[in-house]
Amino acid sequence: MKLYSDRQNYVIETKIKPNIKLIHDMKIRGLKDKYIAQALGIGVKEFLEVKDSYELLNDTYNDAMEIFCAELTDIVVLRALGKDGRKDKDGNDLPADEKLAFKLLEKLDSRFSVKNEIKQTITIESIIKGIAKKREEALIEVSDDEEEIEKE
């Protein structure tokens, strides 16, 4: 029986290293960390701590995530272009999904990104207050001008 210096080394040697291919395959299929940890017989928090500290697991995990994201991107692009082979109830190909295509373009091409707009709420009350303020400023200015004329 091997003795390990701490719990993390025990988990790495007994749970992670022997199952590194399984972890990779599970992540490529899109399984959540919760289910991967459950399959390994450890807690999610412990799995994430080991992932952050053990380079082999971190690299394997990130590589699997890249593959998974690439596969999802392919699916989404095919759906946006209408080339995913989906059919309607009459057996006709479904057309391209223009909303999805536009969302993809917003993410991929800066020419299609939506600029942040500043929203302002204008109410009658705010307009009246603004006019009243301008009137007061004008009256003060006129009275100041009259005082200067009287002094001369």
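Which helices are included in what covers the buried residues of α4? In this predicted model, the cover over the buried residues of α4 includes α1 (7-16), α2 (20-28), α3 (33-40) and α5. The chain that holds these elements has 7 helices and 0 strands, and buried residues make up 18% of its 152 residues.

**The chain as a whole**

- Followed along the sequence, the chain has the pattern α-α-α-α-α-α-α, which fits with the count of 7 helices and 0 strands.
- When contacts between residues at least 6 apart in sequence are considered, 45% of them join residues at least 24 apart.

**Helix α4 and its two sides**

- Helix α4 spans residues 44-53, and within this helix E46, F47, V50 and K51 are buried.
- Looking down the axis of α4, one finds its buried residues within an arc of 135°, so they line one face of the helix.
- On the other side of α4 the picture changes, for K45 and D52 are exposed there.

**Helices α2 and α3**

- Two packed helices are described by the angle between their axes and the distance between the axes.
- For α2 and α3, the axes come within 10 Å and cross at roughly 150°.
- Because angles over 145 degrees count as roughly antiparallel, α2 and α3 are roughly antiparallel to each other, and their crossing is right-handed.
- The contact is formed by I23, M26 and K27 on the α2 side, together with D33, Y35, I36, A39 and L40 on the α3 side.
- Sorted by character, the residues of the contact of α2 with α3 comprise 6 nonpolar, no polar and 2 charged.

**Helices α5 and α6**

- Helix α5 (residues 55-81) and helix α6 (residues 98-108) have axes that come within 7 Å and cross at roughly 130°.
- The two helices α5 and α6 are therefore oblique to each other, and the crossing that they make is left-handed.
- In this pair, V76, V77, R79 and A80 of α5 meet L100, A101 and L104 of α6.
- The residues of the contact of α5 with α6 can be divided into 6 nonpolar, no polar and 1 charged.
- Helix α5 also has a part in the surroundings of α4, since α5 is included in what covers the buried residues of that helix.

Note on methods. Residues are numbered from 1 along each chain as its sequence is written. This is a predicted model: local features need pLDDT of at least 70, side-chain atom pairs count only at pLDDT 80 or more; totals for chains, interfaces and linings use all residues. Side-chain values use heavy atoms; hydrogens and water are left out. Axes are lines fitted to C-alpha atoms, for helices over the stretch in contact, and angles run from 0 to 180 degrees between N-to-C directions. Helices (H or I, at least four residues) and strands (E, at least two) are DSSP runs, numbered from the N terminus. Angles under 35 degrees count as roughly parallel, over 145 as roughly antiparallel, 65 to 115 as roughly perpendicular and the rest as oblique. A crossing is left-handed if the near helix is turned anticlockwise from the far one by less than a right angle, and right-handed if clockwise. Contact means heavy atoms within 4.5 Å. Ala, Val, Leu, Ile, Met, Phe, Trp, Tyr, Cys and Pro count as nonpolar, Asp, Glu, Lys and Arg as charged, and the others, Gly among them, as polar. Buried means under 20% relative accessible area, exposed over 50%, partly exposed in between (1.4 Å probe, protein chains only). The arc is that of the directions from the helix axis to the C-beta atoms.
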